[in-house]
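This report looks at the salt bridges of one protein chain and at where the partners of each pair lie. Please keep the sequence and the model at hand while reading.

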Amino acid sequence: YKSANRLYYMCLDGIFEFDAEHSSFTFLCKIPEEVTSWLSCVMVDREQNIWIAMHDALFLQRNKIFYEYKSKDARIELFCGLVKKDGSLLTGTNRGKVYAKKQNLLTNYLGKNKSICSRSTLAAIYEDSRGWLWYGTAYEGLAVQQHDNLKRIDKTNGLGSNQNYFFLETKNGDLWTGGDGYISRIQKKPENDSLSCSYYSS
């Protein structure tokens, strides 16, 4: 069966996809034993679901619902995530590491052995209207990645709390974040990359 420049082949061993450029087959799935007696044809829809026609029924083999992506690191402990505007995916972990999904692997987005903080978990990641990436931690303040420069901000810089579990950006470019008992506002000056903080308590 041919669909979207792909050739699919069905036999008792399963369903395969044929790559004409490399003259190779890729195994897609097994066919349940109870339906292998009267196989007639195979079809693939736009969502890559596989349909098997038999003498007395139509069988649907849905595409995988869950996919697993692992890191070469032993334990990564994911706590938060972000889908960036370019479609790439970032995840935040314990001890401040950030991982990016690259093909079938999770790799350190900041570079080998680099992290946002040394002890805390990452609680939130946000990409603002300028394209800056913001990282909120459970108790070590926050950090902002302005192009290639990483700047850390905590209570000594005017944050109400070092716990920052969310980010909210307003139309005027102000960024709100907060944690236990405090909400902080971070104002960005339009003429440069400088920041100022103020906070409100409950």
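A salt bridge is here a side-chain nitrogen of Lys or Arg within 4 Å of a carboxyl oxygen of Asp or Glu. The model is predicted, so local features need pLDDT of at least 70 and side-chain atom pairs count only at pLDDT 80 or more, while totals for chains, interfaces and linings use all residues. Residues are numbered from 1 along each chain as its sequence is written, and side-chain values use heavy atoms, with hydrogens and water left out.

The structure holds four salt bridges, among them the pairs in this table.

| Pair | Closest N and O atoms |
|---|---|
| Arginine 185 – aspartate 174 | 4.0 Å |
| Glutamate 140 – arginine 119 | 3.6 Å |
| Lysine 188 – aspartate 128 | 3.1 Å |

Lysine 188 belongs to strand 19 (residues 182–188) and aspartate 128 to the loop between strand 13 and strand 14, so this pair ties together parts that are 60 residues apart in sequence; strands are DSSP runs (E, at least two residues), numbered from the N terminus. Both lysine 188 and aspartate 128 are buried, where buried means under 20% relative accessible area, exposed over 50%, and partly exposed in between (1.4 Å probe, protein chains only). Asp128 and Lys188 are also linked with Glu169 in a network of salt bridges.

In the pair formed by arginine 185 and aspartate 174, arginine 185 is partly exposed at 22% relative accessible area, whereas aspartate 174, at 8%, is buried. Glutamate 140 counts as partly exposed at 21% relative accessibility, and its partner arginine 119 counts as partly exposed at 49%.

Technical notes
Helices (H or I, at least four residues) and strands (E, at least two) are DSSP runs, numbered from the N terminus.
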